[in-house]
Amino acid sequence: MNDSVRQFFNILNSLPLSKKISMVFVIILVVTGFALMFFWTNQENYQVLFSNLSQRDASAIAAKLKERNTPYKVEANGTMIMVPEEKVYDLRLSLAGDGLPNGGNVGFEIFDHTDFKTTRFVQELNYRRALQGELARTINRFKEVNDSRVFIAIPEESLFIEDRDPASASIQLDLHSNLPPAKLTAIVHLVASAIEGLEPEHVTVVDTKGRLIFKGGISDESSSELSNSQLDYKTNVEDEIKTNVQSMLEGIVGSGKAIVRVNAEIEFDKITLSEEEYDPSATAVRSSRNIEEVMQAGEKGSKTAQTLIDKRRGVVPSPDQA
């Protein structure tokens, strides 16, 4: 064994310097090739788990992946999460069971990576999605709002003005406290001002409990405000009844052992009556006319006065009388 090693080194020493450098270079290439092959063989192929995520959804999904010790990558400025290819479908099902993603809103960052091959229809659709997402993000900044969704309906343009339909919008609010009328009006005007051709009377607002908070289609702004005050009145009545009933029950069964829920149905319909009275017994003068005639003494004056009377009665005098 020692003789073989000694003979190998003797052969190396006998080689010229150029061949020694070439041999070292070949050995380095072979080792590098094996290392790269080993690296690529053991490297996992990552695929997209979810894309176009909101910051809230991306953060929640990353936290779930960390809990499960699943490797992941964050791409596209935090809006895309990639995981190993063999785990994509399992993770989608398991995260869907956890309610993720919960439908976060996509804003104008959707245009950060544009494709020139995109059709005009897709661009308009993406713009509408981005506008809806930006409006929802703005509404979510109100402290009374947990989450919101905005839906915009923009009709197609027509060459004839009379055939154009007005734009409309619907807003769904997830509230954790009562929204004051002033803030509700601010949300309606915020959405109406952000969309071309949209008037506040064409905006409808509902909450996640199915209650109509702001009714669109009313041109009179005071009518919409009245509906908001009615909602506040309904809430106050429910809270007052709930407090009174709960205090009575807790006095019997003990504090904290009674749960009371009240749903008040209040009639807010308005009835407008218009009356016109006609009294046949009462008379009223429609018009009057006074005629004053002066009669002069003498035969000629009598004839003249008689002629005037005949003319008023429609009698034509004879030539002799005239």
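This is a short walk through one sheet, one helix and a few side-chain contacts in a predicted model.

Let's start with the sheet. Four strands make it up, and it is open. The order is β4-β5-β6-β7, with mixed pairing. Which strands stand at the edges? They are β4, residues 145-153, and β7, residues 212-214. Each has a single partner strand, so one side of each is left without a neighbour in the sheet. From one strand to the next, the twist averages 25 degrees.

Now look at the β4 edge. Its partner β5 covers residues 168-175. The two strands run antiparallel, and eight bridges join them. Take Asp 147 as a marker: its bridge partner in β5 is Asp 174.

On to the helix, α6. It spans residues 181-194, 14 residues in total. From first C-alpha to last it reaches 20 Å. That is close to the 20 Å expected at 1.5 Å a residue. Which residues of α6 are buried? Leu 184, Thr 185, Ile 187, Val 188, Val 191 and Ala 192. Down the helix axis, these buried residues fall within an arc of 155 degrees, so they line one face of α6. The spacing fits the general rule: an α-helix has 3.6 residues a turn, so residues three or four places apart point the same way. On the other side of α6, Ala 182 and Ser 193 are exposed.

Last, the rings. How many aromatic pairs does a search of the whole structure find? Zero. There is a charge over a ring, though. The charged end of Lys 73 sits over the ring of Tyr 46, 4.5 Å from its centre.

Conventions. Residues are numbered from 1 along each chain as its sequence is written. This is a predicted model: local features need pLDDT of at least 70, side-chain atom pairs count only at pLDDT 80 or more; totals for chains, interfaces and linings use all residues. Side-chain values use heavy atoms; hydrogens and water are left out. The expected span of a helix is 1.5 Å times one less than its number of residues. Buried means under 20% relative accessible area, exposed over 50%, partly exposed in between (1.4 Å probe, protein chains only). The arc is that of the directions from the helix axis to the C-beta atoms. Rings of Phe, Tyr and Trp (its six-membered ring) pair if their centres lie within 6.5 Å; planes under 30 degrees apart count as stacked, over 60 as edge-to-face and the rest as tilted. A charge sits over a ring if NZ of Lys or CZ of Arg is within 6 Å of the ring centre and within 35 degrees of the ring normal. Two strands pair if DSSP finds at least two bridges between them. Axes are lines fitted to C-alpha atoms, for helices over the stretch in contact, and angles run from 0 to 180 degrees between N-to-C directions.
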